[in-house]
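Hi,

Here is the structure I promised to pass on. Have a look at it first, and my notes come right after.

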Amino acid sequence: MTFSLLARDPDSGALGGAAATGNLCVGAWVLRGKAGVGISASQGHHPSTLWGEAVLEEIAKGAAPKAAVQNVIDPDNGRASRQLLALDQQGEGAVFSGDHNVPSVSDFVSQGICAGGNVLSCPMVADAMVGGYRASRGTFVRRLLAGLVSGASDGGDARGLMSAAILIVAKDHPPIDLRVDYAQDPLADLSDLVNRIEAADYARWMRSLPTVLAPFPV
């Protein structure tokens, strides 16, 4: 149903997430992030929007991502139909994939990155996302987009795509929250948004905005 990628940019320390799905409004449903804490993706055949916030709260209280994920999923009797990805500020990640997310589920966890998908057309989508992200030499937002494009090229959502999103959080930069809620080609529209936010005038304006580290910029 959905495939997502979470990563920590080793150069800036920013945390980013990218997601695409064959349903509406993936950005609103799936991605959550808090600068300096972590980023999450909550998805699945019957996703819980509560999981994404809850796992970040667990990490903020000091739990490692694996323990944070376990603390969130254990009380939920519907966990077999859900999937949860979490990455903390240090780049440690964890993924839970419920076994009712058919026909195909995949996930990947390594330092600084994790990926996962459910109701996929093939089980290699998570590996493809990671490969696409790592092979890209662009900006962080473009590397996240490249991961989504690679996941889609390797099969992606078994139903096709309807929406796509990218979320980036950092203490020294305003959040980037790009959402294509419905489109015939959501990855193309998401790419257009990336081009627009990286245009000189918009990028200059973004640098003038308050951040966690500088809430009152001169």
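Below is what I found, going from the sheet to the cores and then to one buried polar residue.

Before anything else, keep in mind that this is a predicted model.

**The sheet**

Six strands make up an open sheet, and going across it you meet them in the order β7-β8-β1-β2-β9-β10, with antiparallel pairing. The edges belong to β7 (106–110) and β10; each has a single partner strand, so one side of each has no neighbour in the sheet. On average, neighbouring strands here are turned by 5° against each other, if you ignore direction.

Two of the pairings are worth a click. β2 and β9 run antiparallel and are held over seven bridges, while six bridges join β9 to β10, also antiparallel. The link from β9 to β10 is a hairpin through two residues. Ile-166 is a handy landmark for both pairings: Ala-18 stands opposite Ile-166 in β9, and Ile-166 in turn stands opposite Leu-178 in β10.

**The cores**

Ile-166 turns up again in the largest nonpolar core, which has 33 residues; Leu-5, Leu-144, Ile-166, Ile-168 and Leu-190 are the ones that touch the most other members. Strands and helices both feed into this core: β1 (2–8), β2 (15–21), β8, β9 (163–170) and β10 (173–180) each supply at least two residues, and so do α4 (125–135), α5 (140–153) and α6 (186–197). Apart from this one lies another core, of 15 residues, including Leu-15, Val-26, Leu-87 and Val-169.

If you want one residue to centre your view on, try Leu-190. Setting aside neighbours within four places in sequence, Leu-190 is in contact with Leu-145, Leu-148, Ala-164, Ala-165, Ile-166, Leu-178 and Val-180. That list includes Ile-166 and Leu-178, the pair that stand opposite each other across β9 and β10.

**A buried asparagine**

So what about Asn-118: buried or exposed? Asn-118 counts as buried because its relative accessibility is 0%. Asn-118 lies in strand β8 (residues 113–118). Its side chain has a polar contact of 2.9 Å with the side chain of Gln-83. Leaving out residues up to four places away in sequence, Asn-118 touches Met-1, Thr-2, Gln-43, Gly-44, His-45, Gln-83, Asn-101, Ser-104 and Val-105.

That's the tour. Shout if you'd like to go through any of it together.

Cheers

How values were computed. Residues are numbered from 1 along each chain as its sequence is written. This is a predicted model: local features need pLDDT of at least 70, side-chain atom pairs count only at pLDDT 80 or more; totals for chains, interfaces and linings use all residues. Side-chain values use heavy atoms; hydrogens and water are left out. Helices (H or I, at least four residues) and strands (E, at least two) are DSSP runs, numbered from the N terminus. Buried means under 20% relative accessible area, exposed over 50%, partly exposed in between (1.4 Å probe, protein chains only). A polar contact is a pair of N or O atoms within 3.5 Å; within protein, one must be able to donate a hydrogen and the other to accept it, and residues adjacent in sequence count only if both atoms are side-chain atoms. Contact means heavy atoms within 4.5 Å. A nonpolar core is a set of buried Ala, Val, Leu, Ile, Met, Phe, Trp, Tyr and Cys residues joined through side-chain atoms within 4.5 Å. Two strands pair if DSSP finds at least two bridges between them. Axes are lines fitted to C-alpha atoms, for helices over the stretch in contact, and angles run from 0 to 180 degrees between N-to-C directions.
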